[in-house]
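Thank you for making time this morning. I would like to walk through the open and enclosed spaces of one model, and then through the strands and helices around them.

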Amino acid sequence: MRDHLFHLRPEPGVTLQAQLRRKLVDAILEGRMRPGSPLPSCRQLSANLGIARNTVALAYQELVNEGFLISAERRGFFVADDVMNGHAATPASPTPVKTAAPGAGDGWERRLRLKPTRQRNIVKPGNWADYPYPFIYGQIDPAAFPIATWRECSRQALARDAVREWSRDHFNEDDKLLIEQIRTRLLPRRGVAAHESEILVTVGAQHALYLMASLLIDGRTRVGIENPGYADARNIFALRARELIGLETDEEGLVADDRLSPCDYVYVTPSHQFPTTVTMTLDRREALLARAERDDFVIIEDDYESEISHVGLPHPALKTLDRNGRVLFVASLSKTLAPGLRLGYLVGPKALIEEARAMRRLMLRHPPANNQRTIAIFLADGHHDALLRRLSQTFKERWQILHEALAQHLPDCRVPRSTGGTAVWVEGPAWLDADRLTVEAAAKGIVIEPGAVHFLDSDPPRQCFRLGFSSIATEKIEPGIKLLAEVMRAHRNGG
């Protein structure tokens with residue numbers, strides 16, 4: 001056994017014992033330590049690695065318990081003789097695998113019926129957290145995540161009875177406690193009443209949109225979407241619809257005019273319009289519902305960031321005003337809890353939910369049951385409500401500071417009126433190229449998001465960009481905007 005197999009480096013959140021165990025398992029399963037071969041003594045390996053002898057002993061004992069090693073009294077530890085049982089034998093002279101040159105289609109181009117890679121998508125730097133001024137949207141502030149309470153909820157979900165419940169195959173069922181919490185906790189906050197048979201848990205809001213597109217939209221369907229609007233929703237509908245119809249928005253939200261008439265479905269984000277964060281007024285909501293009844297279309301309401309309101313009380317959901325069953329309701333916990341948990345839900349008539357549940361079963365059966373139970377406990381114990389109160393205070397402060405900084409340092413930019421959300425939409429001067437500005441700002445440590453991707457147009461406006469504030473420290477906002485203003489001045493001067 002070679003020393004380099006066990007070279008350990010510090011890894012945040014991973015104990016030395018876990019690192020050592022992982023290295024040993026890798027070496028055994030990759031064939032670098034053959035069955036029957038001896039391991040160094042605990043004393044020898046601990047001295048070589050500079051770690052406690054007990055750490056090595058515990059790692060060895062774990063692997064004995066799991067059948068990777070055997071312990072021979074007075075002789076030491078050895079790789080178990082049967083450790084590779086059940087693994088396919090490696091051929092003595094394996095046949096070389098034919099590989100295509102990078103970029104070669106090898107016939108797949110003609111086989112593919114859909115090519116989502118050709119759609120325009122939102123692109124964000126994977127290392128955004130390394131930038132001093134990350135005005136990135138849709139990510140959480142690690143300092144705001146309730147780690148202790150989440151860990152406690154996870155512990156409860158790992159109790160013996162809970163594990164026995166969620167570890168079985170649920171086929172197409174959802175966690176009953178979670179459905180009850182959505183029905184009695186989350187939906188009432190939005191003024192929505194629903195029976196449990198009208199609720200489906202999804203892997204985020206996008207999953208709900210994809211299910212509806214699969215069930216409701218085909219080559220004869222026209223879908224109206226806000227312009228600018230949510231790029232991922234646009235791309236989902238574009239895969240199936242005959243036509244996407246861009247719908248104008250202004251300071252009051254979606255404009256309810258004659259462009260709605262040919263639509264079969266209309267996708268809207270009335271709580272905080274994506275990406276401008278404008279809230280749809282009550283008059284516009286009533287006008288939209290009246291149009292839906294008159295022109296016989298269905299509204300898909302994405303209740304995006306409804307919980308995050310900085311001015312006054314949140315407006316009730318559009319669905320609460322629906323008297324004729326014209327609104328399908330989609331929401332998620334991504335913006336208040338964590339996007340990585342991927343939990344959303346769809347509310348609609350029982351007949352639709354039954355078909356969506358059957359479609360979901362074909363795709364993934366059901367969202368992970370352990371995550372459903374942990375989130376259900378988090379909701380039931382009131383932790384989500386407490387988190388919302390804390391986030392509301394933090395986000396309101398950042399929202400105010402950001403608006404003040406923009407007014408002071410970027411007075412030539414227009415910022416649409418907003419009452420909530422975790423981002424600000426900025427319309428720069430006509431000379432601004434936000435795509436180029438994004439690159440120049442990144443060179444100075446500032447992450448912003450260019451806005452062209454949100455427009456349906458083939459030649460979209462180039463002067464818009466978005467500034468998220470959910471992940472940037474409050475004290476970094478004003479200095480970041482001041483530096484961005486300097487970058488914009490250099491950008492205009494061609495520097």
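Let me begin with the second largest pocket, whose lining consists of Glu173, Asp174, Lys176, Ile179, Glu180, Glu196, Ser197, Ile199, Ile353, Glu354 and Arg357. Before going on, I should say that this is a predicted model, in which local features need pLDDT of at least 70 and side-chain atom pairs count only at pLDDT 80 or more, while totals for chains, interfaces and linings use all residues. Residues are numbered from 1 along each chain as its sequence is written, and side-chain values use heavy atoms, with hydrogens and water left out.

By pocket I mean, on a 1 Å grid over the protein atoms alone, an open set of points with protein on both sides within 12 Å along at least five of seven lines, whereas a cavity is a set of points where a 1.4 Å probe fits but cannot get out; lining residues have an atom within 4 Å of a point. Grid points are joined across faces, edges and corners, and a volume is the space filled by probe spheres set on the points.

The second largest pocket holds about 260 Å³ of space, and its lining has seven charged, three nonpolar and one polar residue. Here Asp, Glu, Lys and Arg count as charged, Ala, Val, Leu, Ile, Met, Phe, Trp, Tyr, Cys and Pro as nonpolar, and the others, Gly among them, as polar. Helices α7 and α11 each supply at least two residues of that lining, where helices (H or I, at least four residues) and strands (E, at least two) are DSSP runs numbered from the N terminus.

Helix α7 (176–189) appears again at the second largest cavity, where α7, β10 and α13 (383–409) each supply at least two lining residues. That cavity encloses about 80 Å³, and among the residues lining it are Arg189, Arg190, Asp303, Glu307, Tyr345 and His384.

Which residues lie closest to the centre of the largest pocket? With a volume of about 550 Å³, the largest pocket is lined by 27 residues, of which Tyr137, Gln206, Tyr230, Ser334 and Lys335 are the closest to its centre. Its lining divides into ten nonpolar, eight polar and nine charged residues, and α8 (205–216) and β10 each supply at least two of them.

The largest cavity has about 150 Å³ of space. Lys335 comes up here too, since the closest to the centre of that cavity, out of 17 lining residues, are Ile140, Asp141, Lys335, Leu391 and Phe395.

Turning to the sheet, eight strands form an open, mixed sheet in the order β4-β11-β10-β9-β8-β5-β6-β7, two strands being paired if DSSP finds at least two bridges between them. The edge strands, each pairing on one side only, are β4 (199–202) and β7 (253–254). Helix α11 (residues 350–364) packs on this sheet and touches β4, β10 (327–332) and β11 (344–347), contact meaning heavy atoms within 4.5 Å.

Within the sheet, β5 (residues 222–227) and β6 (residues 243–250) pair in the parallel sense over six bridges, with Leu247 in β6 as the bridge partner of Glu226.

I will close with Arg291, which lies in helix α10 (residues 282–295). Is Arg291 buried or exposed? Arg291 counts as buried because its relative accessibility is 12%, the cut-offs being under 20% relative accessible area for buried, over 50% for exposed, and partly exposed in between (1.4 Å probe, protein chains only).

Conventions
Axes are lines fitted to C-alpha atoms, for helices over the stretch in contact, and angles run from 0 to 180 degrees between N-to-C directions.
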